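Here is a short tour of a protein model, meant to be read with the structure open beside you. Let's walk through a few places worth a look.

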Amino acid sequence: MQNKLPYNIWYFLIPFAIGFTIYFLPKPEVLDPKAWKLLAIFIGTITGIILKPLPIPAIALIGLHCCTVTKTLDITKESLQGFSSSIVWLVVFVFFIARGFIKTRLGHRIAYNFVALLGKYTLGLSYGITITELILGPAIPSNSARAGGIIYPIVKSISETLGSRPEDGTSKKLGSFLTLVAFQGNLIVSAIFLTAMAANPMAQGIAAKQGVFFSWLDWFVAASVPGLCSLIIIPLLLYKIYPPQLKVLPQAVSIARKNLKDMGPMTTQEITMCMVFLTMVGLWIFGDHFDIPSVTAGLFGVCVLLITGILTWQDILNEHEAWSTVIWLSILVMMSGYLEKYGLISWFSTSISHAFEGYNPFVALFGLVLIYFYSHYFFASNTAHVGAMYGAFLSAAIVAGAPPLISALILGFFSSLFSSITHYSTGSAPLYFGMEYVEVGEWWLYGFIVSLVNIAIWLGIGGLWWKFIGLY
């Protein structure tokens, strides 16, 4: 009997066809030949990830092999650099820490308290998650740490507590909806506060070099109205277009209170887990003052959990999704990094800047921010995107006659919001995607819809608000 292939052959060939097509298109002469070749491989890899003929890590490995066999990247010096990325390892450490929440049942205790407080309606739960993000946003300057260390365990515990698990086909019951709400809320909060995402102060510094200055308060005041509108509208939008099967939970509050009573007082392991968690939060809040990176705080938490026996090495090995994420995220981070290094991003930025010369200032600004937003399909890091393109696009907007402060702020806000579109866009994306509640196609589709609504809110309602407070 002939063995069948484990995938649809057309879904496997399409990414190669797209990659070859891009490779044979006319190449800009000013570009390093490797840049165009890597672009073809990157787009082919992303197409494969969307079509998913094989698991995502397998597709990423094929993309990595294409980079080496075509001599686009050297296997020993370049291709494996993504595996040393601090973003990747922070994501992985957070997976392990979340396991500690679940194993000690501290996550369940937190979830039961959430459900007891807001659990009558699923929509109420979703707003509870976004409010939690909003409270934590100004204090924790890493959207990955905020999402993974705090919100991720809560969402996972609530979903499992109410009987929604990807392994038994009940993702749509609750978990898929809460996952997307938590992810999108994380990005909106990152746009509201200058200190809520690592790339925001970078944008502030780049703007200052071009003579555009704004403070923490200037950023917050400008972002507050469109940001709060997004936090209200986006969960409701997802509730309508991607509804959970569980909408009303009439007995959830009483069940949660009963389960909290049955759990009794906190155990020693729960208290230990809580102390480790609070210490990590403290390091994430104040770590910058003591030169302690977020990834170091994550590693500290994992080590303490191993030393105290809350986690065993077998627990670490059993986190299969964490190790899968190491593979595919490292490869995508590496590819996007070399697209910048080989000059493709700077060539693209310069070309776009010249394209908008002579346009009405606000038309030019609108076009520039849209391109800036959707070019994030080529990035696996907010910081990399801001470093590569923020300055060039701000300069182009100013030269076109757009108000400098408004241009700097809009590009700054979009430096968080543009991460809504893919599952590899920023550190929090692979965390939530790794829960396996949302398929790749759904993630991209609903992420794109949310991006359109966010753009409308921030340029529409935000534009009126900025006019009202006299920014232009």
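In which helix does Leu231 lie? Leu231 belongs to helix H10, which covers residues 216-241. Please keep in mind that this is a predicted model.

**Around Leu231**

With a relative accessible area of 6%, Leu231 is buried, because buried means under 20% relative accessible area. Setting aside neighbours within four places in sequence, Leu231 is in contact with Tyr127, Thr130, Leu134, Gly185, Ile188, Val189 and Ile192. For a sense of distance, try Thr104: Thr104 and Leu231 are 127 residues apart along the chain, and 32 Å separates their C-alpha atoms.

**The nonpolar core**

The largest nonpolar core has 160 residues, and those that touch the most other members are Ile158, Tyr390 and Phe414. Take Ile158 as a starting point. Not counting residues up to four places away in sequence, Ile158 touches Ala111, Phe114, Val115, Leu125, Leu174 and Leu178.

**A pocket**

Now turn to the second largest pocket, with a volume of about 390 Å³. Its lining is made up of 18 residues, and Phe16, Gly19, Ala40, Ile41 and Cys66 lie nearest the centre. By class, the lining has 11 nonpolar, six polar and one charged residues. Which helices each supply at least two residues of this lining? They are helix H1 (9-23), helix H2 (33-51) and helix H3 (56-69).

**Three loop residues**

The table brings together three residues found in loops.

| Residue | Loop between | Relative accessibility |
|---|---|---|
| Thr422 | helix H19 (404-417) and helix H20 (428-433) | 0%, buried |
| Asp291 | helix H12 (268-286) and helix H13 (294-307) | 69%, exposed |
| Glu436 | H20 and helix H21 (440-468) | 49%, partly exposed |

Thr422 is a loop residue that counts as buried. Leaving out residues up to four places away in sequence, Thr422 touches Phe183, Tyr377, Ala429, Trp443 and Trp444. A polar atom of the Thr422 side chain also lies 3.5 Å from the backbone nitrogen of Tyr424.

What is the value of phi in Asp291? Phi of Asp291 is near 55°, a positive value in a residue other than glycine. Glu436 has a positive phi too, near 70°, and is likewise not a glycine. Asp291 is exposed, whereas Glu436 is partly exposed, at 49%, so Glu436 falls short of the over 50% needed to count as exposed.

How values were computed
Residues are numbered from 1 along each chain as its sequence is written. This is a predicted model: local features need pLDDT of at least 70, side-chain atom pairs count only at pLDDT 80 or more; totals for chains, interfaces and linings use all residues. Side-chain values use heavy atoms; hydrogens and water are left out. A nonpolar core is a set of buried Ala, Val, Leu, Ile, Met, Phe, Trp, Tyr and Cys residues joined through side-chain atoms within 4.5 Å. Buried means under 20% relative accessible area, exposed over 50%, partly exposed in between (1.4 Å probe, protein chains only). Contact means heavy atoms within 4.5 Å. On a 1 Å grid over the protein atoms alone, a cavity is a set of points where a 1.4 Å probe fits but cannot get out, and a pocket is an open set with protein on both sides within 12 Å along at least five of seven lines; lining residues have an atom within 4 Å of a point. Grid points are joined across faces, edges and corners, and a volume is the space filled by probe spheres set on the points. Helices (H or I, at least four residues) and strands (E, at least two) are DSSP runs, numbered from the N terminus. Ala, Val, Leu, Ile, Met, Phe, Trp, Tyr, Cys and Pro count as nonpolar, Asp, Glu, Lys and Arg as charged, and the others, Gly among them, as polar. A polar contact is a pair of N or O atoms within 3.5 Å; within protein, one must be able to donate a hydrogen and the other to accept it, and residues adjacent in sequence count only if both atoms are side-chain atoms.
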